[in-house]
Amino acid sequence: MAKTVISAKYPPLIDATRTPLAYGDRALRRLNRELNDETLLVRQRSVMSLCDYLHDPEHIAEALRVGIAVSLKKLLTDPDLTVRQKATECLYVFAGALGIVQTNLVPILVQKLLSELDEIKKLILDTLHFCMRVDTEKALKADAMTAFTELLSHKNSGIRAKAARDIMDLSVPLDGKNKAVECGSVPPLIELLKDPLSDVRANAAGAIMTITITTKGKYTAIDAGAIAPLVDLVQDATSEVRLNALKALTCLSEAPEGRKVLLEHVEEVRSRMADAIPAVCKAAEIAVRVITWKP
């Protein structure tokens, strides 16, 4: 006689690590409710489902409308590592959306930046990168420049590259340029001009370029010895590094002391006027014109 056997395993098409989604807009409402559940397993499953769900751009606006960003904000301090990491990934998908700035998530992200695991650090740096395209004021008020500067000496090259890029982002407004000088960002950026990874060198040169638009920034970089390593990067194998180095040297040559030193290297800069990359050629032409300018 046949017997009924109930398997302990889930059916093959059911993923036990994710929350079964409701239909339409009810899916996000349910996920939002479960993100705040007291049971760890429920929070883990809901945040993993949300991470997948948000990769459809049509769902992002609705997620912001139902308050998902507020729930994710709470999960950044969850005691569980998986929940924190997936919440950060969800915010990364949101990144660039005005919702992150409006829900005041930036200060919390900055606060978590130095204490989280390296993989989460990278996600936070990427998220802040997009947020600062929308608004830099909240990041400045949260003292993000100090946090980014500390990460310039991190052992992980990817984190160093992203930290230098974020300093460049935050240095776009005048207050950011002044803050970079004030908290000592320039000397470690100069050290990174010799980094083995080209992304690190390119972003460090780009950050110096942005900071040295001001007179204070120019003299801070010149006094810290930025000219020599930047001149070396003019011959770098990576075009983005060459481009940013030339733009940074152009800024430094606007100061009489910088122009005096760079006149000794003008032929090295001039050689890049025949570069295979048009943008590098143009940057070299501008640099030579500024370096050789006479009052």
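In the predicted model, helix α7 (residues 106-113) packs against helix α8 (residues 118-134) with the two axes 10 Å apart and at an angle of about 150°. The crossing of α7 past α8 is left-handed. On the α7 side, the contact is formed by Val-106, Leu-109, Val-110, Lys-112 and Leu-113, and these meet Lys-121, Ile-124, Leu-125, Thr-127, Leu-128 and Cys-131 of α8. By residue class, this contact of α7 with α8 consists of 8 nonpolar, 1 polar and 2 charged residues.

A second helix pair is formed by α2 (residues 40-53) and α5 (residues 81-94), whose axes cross at roughly 25° and come within 9 Å. Angles under 35 degrees count as roughly parallel, and α2 and α5 are therefore roughly parallel to each other. The crossing of α2 past α5 is again described as left-handed. From α2, the residues in contact are Leu-40, Arg-43, Gln-44, Val-47, Met-48, Leu-50 and Cys-51, while α5 contributes Thr-82, Val-83, Lys-86, Ala-87, Glu-89 and Cys-90. The contact of α2 with α5 divides into 8 nonpolar, 2 polar and 3 charged residues.

Helices α2 and α5 also take part in the surroundings of helix α3 (residues 58-65). The buried residues of α3 are His-59, Ile-60, Glu-62 and Ala-63. These buried residues pack against α2 and α5, and also against α1 (26-35) and α4 (68-75). Just after α3, Gly-67 adopts a positive phi of about 90°.

At the level of the whole protein chain, the secondary structure comprises 20 helices and 0 strands. The protein chain has 295 residues, of which 51% count as buried. Among contacts between residues at least 6 apart in sequence, 69% join residues at least 24 apart.

Residues of α8 recur in contacts with the segment around helix α11 (residues 157-170). Lys-162 is located in α11. Beyond residues up to four places away in sequence, Lys-162 touches Lys-122, Leu-125 and Asp-126. Of these, Leu-125 is also among the α8 residues that meet α7. The C-alpha atoms of Lys-162 and Leu-151 are 9.0 Å apart, at a sequence separation of 11 residues.

His-154 lies in the loop between α10 (144-151) and α11. With a relative accessible area of 15%, below the 20% limit, His-154 is buried. The side chain of His-154 reaches the backbone nitrogen of Asn-156 at a distance of 2.9 Å. Leaving aside neighbours within four places in sequence, the contacts of His-154 are with Asp-118, Lys-121, Ile-159 and Arg-160. Lys-121 also appears on the α8 side of the contact with α7.

Arg-160 is in turn a partner of Asp-195, a residue of the loop between α13 (186-192) and α14 (198-211). Asp-195 has a relative accessibility of 8% and therefore counts as buried. The side chains of Asp-195 and Arg-160 make a polar contact at 2.9 Å. Their C-alpha atoms are 9.5 Å apart in space, and the two residues are separated by 35 residues in sequence. Not counting residues up to four places away in sequence, Asp-195 touches Val-200 and Arg-201 as well as Arg-160.

Arg-201 is shared with another loop aspartate, Asp-236, which it also touches. Asp-236 is placed in the loop between α16 (227-233) and α17 (239-252). At 11% relative accessibility, Asp-236 is likewise classed as buried. The contacts of Asp-236, again without residues up to four places away in sequence, are Arg-201, Val-241 and Arg-242.

A further loop aspartate, Asp-143, lies between α9 (137-141) and α10. Asp-143 shows a positive phi of about 60° although it is not a glycine. Its relative accessibility is 32%, so Asp-143 counts as partly exposed.

Conventions
Residues are numbered from 1 along each chain as its sequence is written. This is a predicted model: local features need pLDDT of at least 70, side-chain atom pairs count only at pLDDT 80 or more; totals for chains, interfaces and linings use all residues. Side-chain values use heavy atoms; hydrogens and water are left out. Axes are lines fitted to C-alpha atoms, for helices over the stretch in contact, and angles run from 0 to 180 degrees between N-to-C directions. Helices (H or I, at least four residues) and strands (E, at least two) are DSSP runs, numbered from the N terminus. A crossing is left-handed if the near helix is turned anticlockwise from the far one by less than a right angle, and right-handed if clockwise. Contact means heavy atoms within 4.5 Å. Ala, Val, Leu, Ile, Met, Phe, Trp, Tyr, Cys and Pro count as nonpolar, Asp, Glu, Lys and Arg as charged, and the others, Gly among them, as polar. Angles under 35 degrees count as roughly parallel, over 145 as roughly antiparallel, 65 to 115 as roughly perpendicular and the rest as oblique. Buried means under 20% relative accessible area, exposed over 50%, partly exposed in between (1.4 Å probe, protein chains only). A polar contact is a pair of N or O atoms within 3.5 Å; within protein, one must be able to donate a hydrogen and the other to accept it, and residues adjacent in sequence count only if both atoms are side-chain atoms.
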